[in-house]
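The following paragraphs lead the reader through a structure, strand by strand. Please keep the sequence and the model in view while reading.

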Amino acid sequence: MWRPTGIIAVAIAVPSDDDVMGRMLNMRMLREAQELSRFTRCSIHLINAIIPVIQPAALDLPGFTPQLLSEENIRESCRRVLSFAARHGIDAQRCHIREGHPDEVIPALCQELRPTALFIGTQARRGLAMALLGNICQRVVDELDCDVAVVTPKSVVRALPTSNPSREYLKQ
């Protein structure tokens, strides 16, 4: 199972520029995957689900079509994933980007890639949000036939120096 030709998949999200925790979560997952890759010699592949844009029904602007919004969302998401990959030395051919909901796209990509391991992050919804929306990570893990490492925001924050203001995230 752990062979040098294997794949370690990292399911990254495309956070907005002001989402520090999302960017740190992606970095932590990639660093953990790189550490595993060092001694298993498996290749790292990034996977990403582009959540479809809900088309605005009542928006009537000249020169605007709902398809335009969707295409721009896809272009921007692809640009961010490929930029992240390039910054970390991951070849664009090892980036797998597909439009759809993460709980459908991630298992489908894992079915195709047959990774040895998957690193996935979770925001760990609680309370009413968990009851109504569920947890994407939990639904994804149930569908996979590989080892899974779930990285939480708390594990990211614990690795930070104590002077970092992001520790406030733990109190939420």
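In which sense do strand 4 and strand 5 pair, and over how many bridges? In this predicted model, strand 4 and strand 5 (residues 147-151) are parallel partners, and 5 bridges connect them. One of the facing pairs consists of Ile120 and Val150, the latter being the bridge partner in strand 5. Strand 4 itself is mostly covered, with 4 of its 5 residues buried.

From strand 4 (residues 117-121) the path of pairing leads to strand 1, again in the parallel sense, over 4 bridges. Two facing pairs help to locate this contact. Ile8 has Ala117 as its bridge partner in strand 4, and Ala9 stands opposite Leu118.

Strand 1 (residues 7-11) deserves a closer look. Of its 5 residues, 5 are buried. The covering concerns both faces of the strand: on one side lie Ile7, Ala9 and Ala11, on the other Ile8 and Val10, and all are buried. A residue counts as buried here when its relative accessible area is under 20%.

Strand 1 also pairs with strand 2 (residues 43-50); these two strands run parallel and are joined by 5 bridges. Within this pairing, Ala11 stands opposite Ile47 of strand 2. Strand 1 thus has strand 4 as one pairing partner and strand 2 as another.

The connection between strands 1 and 2 can be followed through a helix. Helix 1 (residues 20-40) joins with strand 1 and strand 2 in a β-α-β unit, and this unit is right-handed.

Conventions: Residues numbered from 1 in each chain as written. Predicted model: local features only at pLDDT ≥ 70, side-chain atom pairs only at ≥ 80, totals over all residues. Heavy atoms only, no water. Buried < 20%, exposed > 50% of the residue type's maximum accessible area, 1.4 Å probe, protein only. Pairing = 2+ DSSP bridges. Right-handed = clockwise from strand over helix to strand, strands pointing away.
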